[in-house]
Amino acid sequence: MPIILKKPEQLLLMKEAGKITGEALLVARDAIRPGISTKELDSLIHAYILKCGAKPSFLGYGGFPGSACISVNDQIIHGIPSHRVILQEGDIVKVDVGAIYRGYHGDSAKTFAVGRVSEEAQRLISVTRECFYLGVDLARVGNRLGDIGHAIQSHAESHGYGVVRKYVGHGVGTHLHEEPDVPNYGTAGRGCRLYPGMTIAIEPMVNAGTAEIKESSDGWTVRTADGRLSAHYEHTVAITEDGPILLTDVGE
């Protein structure tokens, strides 16, 4: 599939999809507490997206059974919501949400602390967020994807963290996953050049220890190979002549 450049009217629709996506994440943020199940969070997200006249992008995607991917502690991404997974004080939980509205997708993820968390966990969450913003600052016309990946990788590794290689960011539009791939690692000055109208999901996945992963027998959940914590931060970003626009940003 070629890279699809979006026209201004298409970007407006993507911003609407992004707003719903971002607000659904805020619904999850406000509900997260010790004792809530990841299935309960998923149900709240599902209901909010439907209330906005949109549909959850993830539900049924490749057979995925939830409306959000909810991944706890050493789970990196693609955690399946479950009544059996109850959040505990000190956990960190990654909530990844997509919403499709009038044919266009939004895709965003954040990592939340459950109650009071360790200093190590809070630092990992903060550095992963910093990685995103260092990357997005280079998401400008004329730059290359390698510039984004290099900035993310350099910052994460300067803190002794591992950057996931097998899973990467991606284009977003009328399909949840479009070209190009957007790695969270790379060489500055290399890779696809950025053009106005590109819409990409930049999503650092940063592990407290090794970058290596292991995939679970459920066919979805991805964990750190060493069992240490992982954090995830993502927005859908439009490349414009005036700089990057975060289509899914509705505040923290």
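I began with Ser37 and looked up what it touches: leaving aside neighbours within four places in sequence, it is in contact with Ser82, His83, Val85 and Ile86. I note that the model is a predicted one. Ser37 sits in the loop that runs between α1 and α2 (38-51). I then asked whether Ser37 is buried or exposed. Its relative accessible area is 1%, so Ser37 is buried, the limit for that word being under 20%.

**Strand β4**

Next I went to strand β4, residues 92-101. Eight of its 10 residues are buried, and I put the strand down as mostly covered. I wanted to know which strands pair with β4, and I took them one at a time.

Strand β1 (residues 55-56) is joined to β4 by two bridges, and the two run antiparallel. Here I found Pro56 opposite Ala99 of β4.

Strand β2 (residues 68-72) also pairs with β4 in the antiparallel sense, over five bridges. In this pairing I noted Ala68 opposite Val97 of β4.

Strand β5 (residues 104-113) pairs with β4 over 10 bridges, again in the antiparallel sense. I picked out Val95, which stands opposite Lys110 in β5. β4 and β5 form a hairpin with two residues between the strands. Which residue of this hairpin takes a positive phi? I found Arg102, with a phi near 50 degrees.

Lys110 came up a second time when I looked at charged side chains: Lys110, Arg129 and Glu252 are linked in a network of salt bridges.

**Helix α4**

I turned to helix α4, residues 145-158. The helix has 14 residues and reaches 20 Å from its first C-alpha to its last. That is close to the 20 Å expected at 1.5 Å a residue.

How many residues of α4 are buried? I have 10 of the 14, and the helix is mostly covered. The buried ones are Leu145, Gly146, Asp147, Ile148, Gly149, Ala151, Ile152, Gln153, His155 and Ala156.

I then looked up what these buried residues pack against. The partners are α3 (119-136) and the strands β6 (162-163), β8 (178-182), β9 (199-202) and β10 (205-207). After the helix comes Gly160, and I recorded its phi as positive, near 85 degrees.

**Salt bridges**

I have 11 salt bridges in the structure, and I looked at three pairs one by one.

The pair I opened with was Lys6 and Glu178, whose side chains meet in a salt bridge at 3.3 Å, N to O. This pair links distant parts of the chain, with Lys6 in the segment before α1 and Glu178 in strand β8, 172 residues apart. Are these two side chains' residues buried or exposed? Lys6 has 8% relative accessibility and therefore counts as buried. Glu178 is buried as well, with a relative accessible area of 5%.

I went on to Lys166 and Glu215, which meet in a salt bridge at 3.0 Å, N to O. This pair too links distant parts of the chain: Lys166 is in the loop between β6 and β7 (169-171), Glu215 is in strand β11 (residues 213-215), and 49 residues separate them. Lys166 has a relative accessible area of 55%, so I count it as exposed, the limit being over 50%. Glu215, at 44%, is partly exposed.

The last pair I checked was Asp30 and Arg29, with their closest N and O atoms 2.8 Å apart in a salt bridge. Asp30 is at 57% relative accessibility and so counts as exposed. Arg29 is at 31% and counts as partly exposed.

**A nonpolar patch**

I finished on the surface. Which residues form a nonpolar patch there? I found Ile3, Leu5 and Tyr195, which together have about 270 Å² of accessible area. Leu5 belongs to the segment before α1 (8-31). Its relative accessible area is 42%, so I put Leu5 down as partly exposed. A residue needs over 30% relative accessible area to be taken into a patch, and Leu5 at 42% therefore passes that cut-off. Lys6, which I had already looked up in its salt bridge with Glu178, lies in that segment before α1 too. At 8% relative accessibility, Lys6 is buried, whereas Leu5 is partly exposed.

Methods: Residues are numbered from 1 along each chain as its sequence is written. This is a predicted model: local features need pLDDT of at least 70, side-chain atom pairs count only at pLDDT 80 or more; totals for chains, interfaces and linings use all residues. Side-chain values use heavy atoms; hydrogens and water are left out. Patches are made of residues with over 30% relative accessible area and no salt bridge: like charges are joined within 9 Å, nonpolar side chains (Val, Leu, Ile, Met, Phe, Trp, Tyr) within 5 Å. Accessible areas come from the Shrake-Rupley method with a 1.4 Å probe; for residues, only the protein chains shown count as cover. A salt bridge is a side-chain nitrogen of Lys or Arg within 4 Å of a carboxyl oxygen of Asp or Glu. Helices (H or I, at least four residues) and strands (E, at least two) are DSSP runs, numbered from the N terminus. Buried means under 20% relative accessible area, exposed over 50%, partly exposed in between (1.4 Å probe, protein chains only). The expected span of a helix is 1.5 Å times one less than its number of residues. Contact means heavy atoms within 4.5 Å. Two strands pair if DSSP finds at least two bridges between them.
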